[in-house]
Structure formats: structure tokens, C-alpha cells
Amino acid sequence: MMCCPFHGDKHPSMKVDSRFHCFACQADGDVIDFVGRLFQLSPRKAVEKLTEDFGIAQAGGRVRIANRSPPTVRQRLLEYYRCLQRWRVRYAPQSPTEELHPCFLEALKNTDYVKYLLDCSVLPAPQIENELRKYWEGFYERLEKEERRLA
């Protein structure tokens, strides 16, 4: 069981196996439905996202793992920016007296800066590229550590 990403779930209400089902909001489906609903994509776009994200290619009706190059700094920043946007909405306080969630605070703190870095990275100068690399070093480890702490 896990917390459902489709409503303000604070207690695990979603089971995930070959399909997903939320017992609270009744969201249900397969991996394509999940990705489509999570990222607001059509089924076709959800399949394209899955094939791109997981390095899967189709050739002659057969599925094979495609050669993947590591994500660029810009791709990582864009992924983090999207995560921050989701957190800003998902963890927003529902009342003025509610304690602020750490993910909401991180979104408030970093969204504008990451947007700035993304804007600069369209045509990055060497100094901007170095700044982006420094920002990104160890980010996944810090993020995973924070998510484990909050779980």
C-alpha cells in the first residue's frame, strides 16, 4: 500500500501490483493509465513517456531495451523543476494553521532558482554549466534521504 498521488492522501490507500487501485478515490488502471493520469497525458503520450524514460524501443513489433545516454544536466533540472511544481500543489497547506510540509517549503525555496537555471541552460556558458553541475551533485542522494525521512 502507498499514498495515492491523485488526491491529498495522508494514509496509504493505493495498492500497486500489475495494476493500481486507490480505495479512497477509486483511481484504477494499468501503468499507462497511471502515467497518463499522473502527468495529464493521453494514452499515446503516456506510452511515449514510458518508452523514453525507461529506454524501451519497439522494432518490428518486438520490445527491446534501447541504448540510453545518461541524462544531461538540463534534463535533470527539468525533472526536478517538475517535481517542485507538483510538490507546491500536493503539499500546499489546506488551512492557515496547518504545519508546512518540508516538500512544500523546498518547492517554495527552489522553484524560482531552478527556473532561472533552466532559462540560463538554453544556451549555457561554461560558467553556468559548472554552476549547474555543482547544484546537481549529490541531489538524488539528498532527495532520497529526505523522502525516506518523511516516509
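1. Where is Gln40 found? In this predicted model, Gln40 sits in the loop that joins helix H1 (31-39) to helix H2 (43-53). Its backbone deserves a remark, as Gln40 has a positive phi of about 55 degrees although it is not a glycine. The residue counts as exposed, with a relative accessibility of 73%.

2. Gln26 may be read alongside it. Gln26 is not a glycine, yet it has a positive phi of about 70 degrees. Its place is the loop between E2 and E3. With a relative accessible area of 49%, Gln26 is partly exposed, because exposed residues are those over 50%.

3. The overall arrangement is as follows. The protein has 6 helices and 5 strands. Read from the N terminus, the order of elements is β-β-β-α-α-β-β-α-α-α-α. Of its 151 residues, 26% count as buried. The accessible surface comes to about 10900 Å², and carbon and sulfur atoms hold 54% of that area. Among the contacts with a separation of 6 or more, 32% are made by residues 24 or more positions apart.

4. An open sheet is formed by 3 strands in the order E1-E2-E3, with antiparallel pairing. E1 and strand E3 (28-29) are the edge strands, each of them pairing on one side only. Between E1 and E2 the antiparallel pairing extends over 3 bridges. Within this part of the sheet, Val16 stands opposite Phe20 in E2. As general background, strands of a sheet pair through backbone hydrogen bonds, in either a parallel or an antiparallel sense.

5. The structure holds 4 aromatic pairs. One of them joins Phe6 and Phe20, which form a tilted pair with 5.9 Å from centre to centre and 50 degrees between the planes. Phe6 belongs to the segment before strand E1 (14-16) and Phe20 to strand E2 (residues 20-22), so the pair ties together parts that lie 14 residues apart in sequence. Why is the pair called tilted? The angle of 50 degrees is neither under 30, as stacked rings require, nor over 60, as edge-to-face rings require, and the pair therefore counts as tilted.

6. The surroundings of these two rings can be described further. Phe6, Phe20 and Phe34 form one aromatic cluster. Phe20 is buried, at a relative accessible area of 4%. Over the face of Phe6 lies Arg37, at 4.7 Å from the ring centre. A charged residue is likewise placed over another ring: Lys49 lies over the face of Phe39, at 4.5 Å from the ring centre.

7. Which residues have the most contacts inside the largest nonpolar core? They are Leu77, Tyr80, Leu84, Trp87, Val114 and Leu118, in a core of 14 residues. Helix H3 (73-90), helix H4 (102-120) and helix H6 (139-150) each supply at least two of the core residues. H3 gives the most, with 7 residues. A second core, separate from this one, has 7 residues and includes Phe6, Met14, Cys22 and Phe34.

8. In reviewing the model, the reader may wish to follow Phe6 through these points. Phe6 pairs with Phe20, shares an aromatic cluster with Phe20 and Phe34, carries Arg37 over its face, and is included in the second core.

Terms used: Residues numbered from 1 in each chain as written. Predicted model: local features only at pLDDT ≥ 70, side-chain atom pairs only at ≥ 80, totals over all residues. Heavy atoms only, no water. Phe/Tyr/Trp six-rings, centres within 6.5 Å; stacked < 30°, edge-to-face > 60°. Helix = DSSP H or I, 4+ residues; strand = E, 2+ residues; numbered from the N terminus. Buried < 20%, exposed > 50% of the residue type's maximum accessible area, 1.4 Å probe, protein only. Lys NZ or Arg CZ within 6 Å of the ring centre and 35° of its normal. Core = buried A, V, L, I, M, F, W, Y, C linked by side-chain atoms within 4.5 Å. Pairing = 2+ DSSP bridges. Contact = heavy atoms within 4.5 Å. Areas by Shrake-Rupley, 256 points an atom, 1.4 Å probe, with all protein chains shown as cover.
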